[in-house]
Amino acid sequence: GNAPFKGGTLVPFPPFLSVQLVTLSDGGFPLAFPAWPAGLPFGFPLFFQEWVSDPGGSNGVSASNALQATAP
């Protein structure tokens with residue numbers, strides 16, 4: 001997608017699912033996917049990106065690089 005968003009680039013656009021998570025004290029968070037979602041066609045691309053509140057960042061937020069996974 002590469003849509004402009006809060007001074008950055010929102011890659012998975014339009015967002016299909018937005019989930020609010022809280023990080024651990026070390027800044028990480030465990031995220032487990034036991035299996036691929038059922039019904040995804042072969043080669044279907046999934047994009048992931050994290051945006052966090054950051055008072056020192058542009059417009060008060062910072063973003064991760066986008067990650068792409070492809071359904072087997």
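Is Asp26 buried or exposed in this predicted model? Asp26 counts as exposed, because its relative accessibility is 65%, and the views below take up this residue again after an overview of the whole chain.

**View 1. The predicted model as a whole, with its six strands and no helices.** Read along the sequence, the elements follow one another in the pattern β-β-β-β-β-β. Of the 72 residues in the protein, 8% are buried, and the accessible surface comes to about 5800 Å², with 61% of that area belonging to carbon and sulfur atoms. Among the contacts in the protein with a separation of 6 or more, 42% are accounted for by residues that stand 24 or more positions apart.

**View 2. Confidence of the prediction along the chain.** The mean pLDDT of the protein is 78, and 86% of the residues score at least 70. Strand β1, which covers residues 3-5, has the lowest confidence, with a mean of 69, whereas strand β6, which covers residues 67-70, has the highest, at 84.

**View 3. Asp26 and Gly28, in the region of the loop between β2 and β3 where Asp26 lies.** A polar atom of the Asp26 side chain is placed 2.9 Å from the backbone nitrogen of Gly28. Asp26 is nevertheless classed as exposed, because its relative accessibility of 65% is over the 50% cut-off.

**View 4. A nonpolar surface patch made by Val19, Leu21 and Leu31.** Together these three residues form a patch of about 290 Å². Leu31 belongs to the loop that runs between β2 (residues 8-10) and β3 (residues 45-48), and because its relative accessibility is 54%, Leu31 counts as exposed.

**View 5. Thr70 in strand β6 and its contacts.** Leaving aside neighbours within four places in sequence, Thr70 is in contact with Trp36, Gly43, Phe44 and Pro45. Of these partners, Pro45 is separated from Thr70 by 25 residues in sequence, while the C-alpha atoms of the two lie 4.5 Å apart in space. Thr70 counts as partly exposed, because its relative accessibility of 43% falls between the cut-offs of 20% and 50%.

**View 6. Gln68, also a residue of strand β6.** Not counting residues up to four places away in sequence, Gln68 touches Pro45, Leu46 and Phe47, and Pro45 is thus a partner of Gln68 as well as of Thr70. Val11 stands 57 residues from Gln68 in sequence, and the C-alpha atoms of these two residues are 9.9 Å apart. Gln68 counts as exposed, because its relative accessibility is 52%.

How values were computed:
Residues numbered from 1 in each chain as written. Predicted model: local features only at pLDDT ≥ 70, side-chain atom pairs only at ≥ 80, totals over all residues. Heavy atoms only, no water. Patch = residues over 30% accessible without salt bridge, like charges linked within 9 Å, V, L, I, M, F, W, Y side chains within 5 Å. Areas by Shrake-Rupley, 256 points an atom, 1.4 Å probe, with all protein chains shown as cover. Salt bridge = Lys/Arg side-chain N within 4 Å of Asp/Glu carboxyl O. Helix = DSSP H or I, 4+ residues; strand = E, 2+ residues; numbered from the N terminus. Buried < 20%, exposed > 50% of the residue type's maximum accessible area, 1.4 Å probe, protein only. Contact = heavy atoms within 4.5 Å. Polar contact = N/O pair within 3.5 Å; in protein donor to acceptor, adjacent residues only side chain to side chain. pLDDT = per-residue confidence, 0-100.
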